Amino acid sequence: MPVHGSPEKWTLSVAIGDGMTFVSDGSFDADESGFTVDELSGVVTATESDGTTTGISADAHVSGRFEC
């Protein structure tokens, strides 16, 4: 699960299989052990065989505990 960001902005990107990825730039609190999200909104994208990215769902949500 790659998590990318800087002190000003974080993006959560979670591969969910079959070339699809959940992506969110919503806010969440994290500490050295990980973070918990509850109904974090984002989008689901799919990577096509030619490398282009297509939006699959503009209204996706994820909940769970992500541990480091």
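In strand β6, Thr53 is the bridge partner of Thr47, and this pair makes a convenient place to enter the predicted model. Strands β5 and β6 run antiparallel to each other and are joined over 11 bridges. The two strands form a hairpin with five residues between them. Within that turn, Gly51 has a positive phi of about 90°.

The wider chain can be described briefly. It contains six strands and zero helices, so that its elements, read from the N terminus, follow the order β-β-β-β-β-β. Of the 68 residues in the chain, 25% are buried. The chain exposes about 4600 Å², and carbon and sulfur atoms supply 50% of that area. Among contacts with a separation of 6 or more, 33% are accounted for by residues 24 or more positions apart.

A second hairpin is formed by β2 and β3, here with two residues between the strands. Asp18 sits in the turn and has a positive phi of about 55°. The pairing of β2 with strand β3, which covers residues 20–24, is antiparallel and extends over five bridges. Along this pairing, Ser13 stands opposite Val23 in β3. Strand β3 also pairs with β5, again in the antiparallel sense, over four bridges. There, Phe22 has Val44 of β5 as its bridge partner.

Two polar residues of β3 deserve a closer look. Thr21 is placed in strand β3 and is buried, with a relative accessible area of 17%. Beyond residues up to four places away in sequence, Thr21 touches Ser13, Val14, Ala15 and Ile16, together with Val43, Val44 and Thr45. The C-alpha atoms of Thr21 and Thr45 are 5.3 Å apart in space, although the two residues are 24 residues apart in sequence.

Ser24 is also found in strand β3. Its relative accessibility is 2%, and Ser24 therefore counts as buried. A polar atom of the Ser24 side chain lies 3.0 Å from the backbone nitrogen of Gly26. With neighbours within four places in sequence left aside, Ser24 is in contact with Trp10, Thr11 and Leu12, and likewise with Leu40, Ser41 and Gly42.

The nonpolar interior comes next. In soluble globular proteins, nonpolar side chains tend to be buried together. In this model, the largest nonpolar core has 10 residues, namely Leu12, Val14, Phe22, Phe28, Phe35, Val37, Leu40, Val44, Ala60 and Phe66. Two or more of these residues come from each of β2 (10–17), β5 (34–47) and β6 (53–67). The most is given by β5, which provides four residues.

Leu40, one of the core residues, offers a view of these surroundings. Apart from its neighbours within four places in sequence, Leu40 is in contact with the core members Leu12, Phe22, Phe28 and Ala60. The contacts of Leu40 also include Ser24, Gly26 and Ser27, as well as His61 and Val62. The link between Leu40 and Ser24 thus joins a core residue to the buried serine of β3.

Aromatic side chains add a further feature to the core. A search of the whole structure finds two aromatic pairs. In one of them, the rings of Phe35 and Phe66 have centres 5.0 Å apart and planes at 20°, so the pair is stacked. Because Phe35 lies in strand β5 and Phe66 in strand β6, the pair ties together parts that are 31 residues apart in sequence. Both phenylalanines count as buried, Phe35 at 5% relative accessibility and Phe66 at 15%. Together with Phe28, Phe35 and Phe66 form one aromatic cluster, and each of these three residues is listed in the largest nonpolar core.

Note on methods:
Residues numbered from 1 in each chain as written. Predicted model: local features only at pLDDT ≥ 70, side-chain atom pairs only at ≥ 80, totals over all residues. Heavy atoms only, no water. Core = buried A, V, L, I, M, F, W, Y, C linked by side-chain atoms within 4.5 Å. Buried < 20%, exposed > 50% of the residue type's maximum accessible area, 1.4 Å probe, protein only. Contact = heavy atoms within 4.5 Å. Pairing = 2+ DSSP bridges. Polar contact = N/O pair within 3.5 Å; in protein donor to acceptor, adjacent residues only side chain to side chain. Phe/Tyr/Trp six-rings, centres within 6.5 Å; stacked < 30°, edge-to-face > 60°. Areas by Shrake-Rupley, 256 points an atom, 1.4 Å probe, with all protein chains shown as cover.
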